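Subject: Structure handover

Hello,

Here is the structure I promised to pass on. Please open it and keep it beside this message. My notes follow below.

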Amino acid sequence: SARDLVGVAAAIGREFNYRLLASASSLDEASVVQSLDELWRRRIIQTQGADTYNFTHGKLLDAAYETLSAARRPLVHRKIAQALLAEAEKGFDVESAIVALHLERGGQYQEAVEHYLKAAEEARRVFVNQNAISHLEKALSLHSEKVGAKDETQKRVARESRELLGDIYEIAGGGKRALENYAESREQVAHADCLARARLLGKLGKVTADEG
C-alpha cells in the first residue's frame, strides 16, 4: 500500500497534504495512515506541518512517479483533479492552474482548457499579467493540438482569449497598440522559427531573414 500511495503522492507534486492524498488514492483511511508512516520512517517523505508532507529529495519524487505505469498515470491525475474540485466546492483554496494541469495529464483536454482560461482570468484579476498570458497561451495551444474541433467551443475559446488578452494590456497601460505589438512580435518569432526549420531542410538555401 505504501508503494501505491507514494506514486499518487508523486503525481500530486513535491508537497502534498493528507486530505488531498487520501481523496485521490483508492486506499481506506487506516491504510493511508499506515503507508504514510512507513514512507516517513524510510525517510522518503517528511512532515511540513500538521497534515502536510513533502518528498525529502527531488530524485525520490521522480523515482516514485516512475512507479506509476503509463496506463495508470492518467487515471491518477484524473482522480487528483476530481479531489481538487471537490475541495474547491467545500471552500478550500484551489488554484485553477493546478486543476488544469492534472486534467491535461489525465487526458481530459476540454476540461483542462476551461480551467486554464479560468486560471488566466484569476491571474488577470490580481494583475499577475505574465501568468495570465502563460495560462491563456496554454489554453489556446491545448485546444488547438488536443481538442481541435472547428466548432462553437473553439470560437468561444478564441474570443474569450482575445478579450482577456486585451484586458491584460489595457490594465498594464499598453492599450491597443501594445496588443498589436505583442501580436506582431509573436508573428516575427513564428516567422523566424519557420525560416530556421526550412533552412535545416535545405529548402531555402542562403535566403536571409530580411529577404524572407
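Let me start with one residue: is His77 buried or exposed? His77 has a relative accessible area of 1%. Buried means under 20%, so His77 counts as buried. Bear in mind that this is a predicted model.

Where does His77 sit? Its place is in helix H5, which covers residues 72-89. Set aside the neighbours within four places in sequence, and His77 is in contact with Ala11, Tyr65, His102, Arg105 and Gly106. Take Gly106 from that list. His77 and Gly106 are 29 residues apart in sequence. In space, their C-alpha atoms are 5.0 Å apart.

Now the sheet. It is open and has three strands, in the order S1-S3-S2. The pairing is antiparallel. In general, strands of a sheet pair through backbone hydrogen bonds. The edge strands here are S1 (15-17) and S2 (45-47), and each of them pairs on one side only. Neighbouring strands of this sheet are turned by 30 degrees against each other on average, direction ignored.

Look next at S1 and S3, the latter being residues 52-55. They pair in the antiparallel sense over three bridges. One pair to find on screen: Asn17 has Thr52 in S3 as its bridge partner.

A helix belongs in this picture too. Helix H3, residues 29-41, packs on the sheet. H3 touches S1, S2 and S3. The direction of H3 makes about 105 degrees with that of S2.

Over to you.

Best wishes

Key:
Residues numbered from 1 in each chain as written. Predicted model: local features only at pLDDT ≥ 70, side-chain atom pairs only at ≥ 80, totals over all residues. Heavy atoms only, no water. Pairing = 2+ DSSP bridges. Helix = DSSP H or I, 4+ residues; strand = E, 2+ residues; numbered from the N terminus. Axes fitted to C-alpha atoms, helices over the stretch in contact; angles between N-to-C directions. Contact = heavy atoms within 4.5 Å. Buried < 20%, exposed > 50% of the residue type's maximum accessible area, 1.4 Å probe, protein only.
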